[in-house]
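Walk through this fold from its core outwards. Keep the model open beside the text.

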Amino acid sequence: MATDMFHQWEATLSQISSNDPSIKWVDAMCFLMGDSGACALAEAMKTNTFVTRINLRLNQIGADGVASIAENLLENKSVLELNLAANGLGDEGAFHVARLLEGNCSLKKLILIRCNISTTGIIAIARSLRRNKSLNWLNIANNNLGENVSGVDEMISTLRINSNLKHLNIDTIHPDTRACIEELCHTNSKIELWNRQFRYLITLQSKMQKAGGLNMILLCPMVWSKFSLVQGCFGVVFELVKEYSLIIISN
């Protein structure tokens, strides 16, 4: 961490520790703080009640660092958003995240993009969400799921139980799991699932299920804009009304 950045970070930690009400968002992206920096932040957060968002993207944080953060946030009631993207948490770090999700009742948004988590870690996170009642946004894209479908299957099983999660970016969906998604619309009233590999955008709207009619639309890769889809190569515009209960964009 550069000298100026280090002094700035030290000052910020002091403000956090003193529960300064002016510090509501901790944006420490690319500080390269490592586990020691993450532990220092966790210590500073022990008495804080004003910070609502923490961005720790690209900070070389591993399992030890996230363990400290998870332990602190178990009792924290103010943090609503945590971004741990592009840190080498691995499966051990994912287990700490899972423990956090089991006990925390205030976190709304969690970003775990490119955290070197395999199927084992994703399964642990999925199972923890069966007991979590607060999280409504989870991004676990670009992790090490490969062709193993068990992690995705576990997450889909969780979504049958957890109706609080509204947005899930899992990025890797094996074709064998697609059949489960239509079934999901009958048990989870409203979930948006974005999958970049197959270019999925799935939106489930519960009140449309009662209306009957069309509940699945299969389109080529498109650009999503609220309730319209634009197919760039043909310039075709599809206006999609809210009544559609399931929308799939696939290549």
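The paragraphs below take the core, then one helix pair, then one helix face.

This is a predicted model, in which local features need pLDDT of at least 70, side-chain atom pairs count only at pLDDT 80 or more, and totals for chains, interfaces and linings use all residues. Numbering starts from 1 along each chain as its sequence is written, and side-chain values use heavy atoms, without hydrogens and water.

Start with the largest nonpolar core. It holds 49 residues. Such a core is a set of buried Ala, Val, Leu, Ile, Met, Phe, Trp, Tyr and Cys residues joined through side-chain atoms within 4.5 Å; buried means under 20% relative accessible area with a 1.4 Å probe, protein chains only. L112 and L138 touch the most other members. Beyond its neighbours within four places in sequence, L112 contacts residues including L84, V97, I125 and L138 (contact: heavy atoms within 4.5 Å). Helix 1 (3–17), helix 2 (34–44), helix 3 (63–73), helix 4, helix 5 and helix 6 (150–161) each give two or more residues to this core. Helices are DSSP runs of H or I, at least four residues, and strands are E runs of at least two, numbered from the N terminus.

Now take helix 4 (residues 90–103) and helix 5 (residues 119–128). Their axes, 8 Å apart, make an angle of about 0°. The two helices are therefore roughly parallel, a label for angles under 35 degrees. Axes are lines fitted to C-alpha atoms over the stretch in contact, and angles run from 0 to 180 degrees between N-to-C directions. Among the residues that meet are F95 and L101 in helix 4, and A124 and I125 in helix 5.

Finish at helix 2. G34, G37, A38, L41, A42 and A44 are its buried residues. They fall within an arc of 165° seen down the axis, so they line one face of helix 2; the arc is that of the directions from the helix axis to the C-beta atoms. These buried residues pack against helix 1, strand 2 (53–55) and helix 3.

How values were computed: Parallel < 35°, antiparallel > 145°, perpendicular 65-115°, else oblique. Buried < 20%, exposed > 50% of the residue type's maximum accessible area, 1.4 Å probe, protein only.
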